[in-house]
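Please examine the fold shown here, beginning with its overall architecture and then turning to individual helix contacts and residues.

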Amino acid sequence: EVVNGLKEALTIGTNNSTSLASKVDGFYKNPALFIPFPAQAQKVKDYAKQVGMSAQVDKFEMTLNRAAEEAAKSAAPIFIDAVKGMSISDGFTILQGADNAATQYLKSKTTAALTAAFRPIIEESLDKVNATKYWADVFNAYNDLPTTFKKVNPDLPGYVTGKALDGVFVYIADEEAKIRTNPAAQVTDLLKKVF
């Protein structure tokens with residue numbers, strides 16, 4: 001019964017989380033999840049804005065977030081598979097664990113599969129909305145300038161994939177906290193009994 005309750009809670013929580021993450025502005029308008037210009041390229045961003053490329057920088061950041069929102073749509077089935085595989089021992093460890101034990105369980109069981117699922121979607125999404133083009137426009141212009149800054153060319157899809165995963169797990173942790181502590185979030189009799 002405990003494991004079934006946890007499975008139910010995780011199914012509800014992950015469905016809610018992926019729904020929030022995958023909607024338009026799920027990342028872009030959420031300050032806690034917004035994917036910014038890559039940190040290692042902050043000098044490039046600052047310099048691009050100084051030379052009149054603010055619109056390109058803003059458009060680029062929007063495309064990063066749209067790619068993450070698109071990729072989040074593929075997360076629910078991966079989470080559901082992890083939930084179905086939960087053992088009785090896993091269930092009691094989660095129930096007796098820290099307030100984020102279920103989130104940590106899901107993270108350990110799904111990160112590899114989520115990365116494999118998210119990255120091609122992000123790559124396609126970045127191409128579809130011309131993020132690669134904006135990235136190239138900004139960095140080609142920057143790299144052609146006679147500056148002393150180090151040239152930058154990080155793995156853009158890898159960066160967005162990592163940030164997208166971080167964001168989905170923030171949503172899951174929020175849902176877990178609600179279900180553990182808020183009786184109104186315990187929407188079934190089984191959840192009320194377990195928590």
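The paragraphs below proceed from the whole chain to helix pairs and then to single residues.

The model is a predicted one, in which local features require pLDDT of at least 70 and side-chain atom pairs count only at pLDDT 80 or more, while totals for chains, interfaces and linings use all residues. Residues are numbered from 1 along each chain as its sequence is written, and side-chain values use heavy atoms, with hydrogens and water left out.

The chain contains nine helices and zero strands, where helices (H or I, at least four residues) and strands (E, at least two) are DSSP runs numbered from the N terminus. Its pattern along the sequence is accordingly written α-α-α-α-α-α-α-α-α. The C-alpha trace spans about 65 × 30 × 30 Å along its principal axes. Of the 195 residues, 43% count as buried; buried means under 20% relative accessible area, exposed over 50%, and partly exposed in between (1.4 Å probe, protein chains only). Among contacts (heavy atoms within 4.5 Å) with a separation of 6 or more, 82% join residues 24 or more positions apart.

Helix 8 (residues 156-181) takes part in two crossings described here. Its axis and that of helix 1 (residues 2-22) come within 8 Å and cross at roughly 135°. Axes are lines fitted to C-alpha atoms, for helices over the stretch in contact, and angles run from 0 to 180 degrees between N-to-C directions. The angle makes helix 1 oblique to helix 8, since angles under 35 degrees count as roughly parallel, over 145 as roughly antiparallel, 65 to 115 as roughly perpendicular and the rest as oblique. The crossing of helix 1 and helix 8 is right-handed, a term that applies if the near helix is turned clockwise from the far one by less than a right angle, with anticlockwise giving left-handed. Helix 1 contributes Ala-9, Gly-13, Thr-14, Asn-16, Ser-17, Leu-20 and Ala-21 to this contact, and helix 8 contributes Val-168, Tyr-171, Ile-172, Glu-175 and Ile-179. By class, these are seven nonpolar, four polar and one charged residues; Ala, Val, Leu, Ile, Met, Phe, Trp, Tyr, Cys and Pro count as nonpolar, Asp, Glu, Lys and Arg as charged, and the others, Gly among them, as polar.

Helix 3 (54-72) also meets helix 8, with axes that come within 9 Å and cross at roughly 60°. The two helices are therefore oblique to each other, and their crossing is right-handed. Phe-60, Leu-64, Ala-67, Ala-68 and Ala-72 of helix 3 meet Leu-156, Tyr-159, Val-160, Ala-164 and Val-168 of helix 8. This contact has ten nonpolar, no polar and no charged residues.

Helix 4 (residues 75-84) is mostly covered, with seven of its ten residues buried. Those residues are Ala-75, Ala-76, Ile-78, Phe-79, Ile-80, Ala-82 and Val-83, and they pack against helix 1, helix 3, helix 6 and helix 8.

Thr-110 belongs to helix 6 (residues 101-128) and is buried, with a relative accessible area of 1%. Leaving aside residues up to four places away in sequence, Thr-110 touches Ile-78, Phe-79, Ala-82 and Phe-169. A polar atom of the Thr-110 side chain lies 2.5 Å from the backbone oxygen of Leu-106.

Asp-25, by contrast, is in the loop between helix 1 and helix 2 (42-50). Although not a glycine, Asp-25 has a positive phi of about 75°. Its relative accessibility of 24% makes Asp-25 partly exposed.

How values were computed:
Polar contact = N/O pair within 3.5 Å; in protein donor to acceptor, adjacent residues only side chain to side chain.
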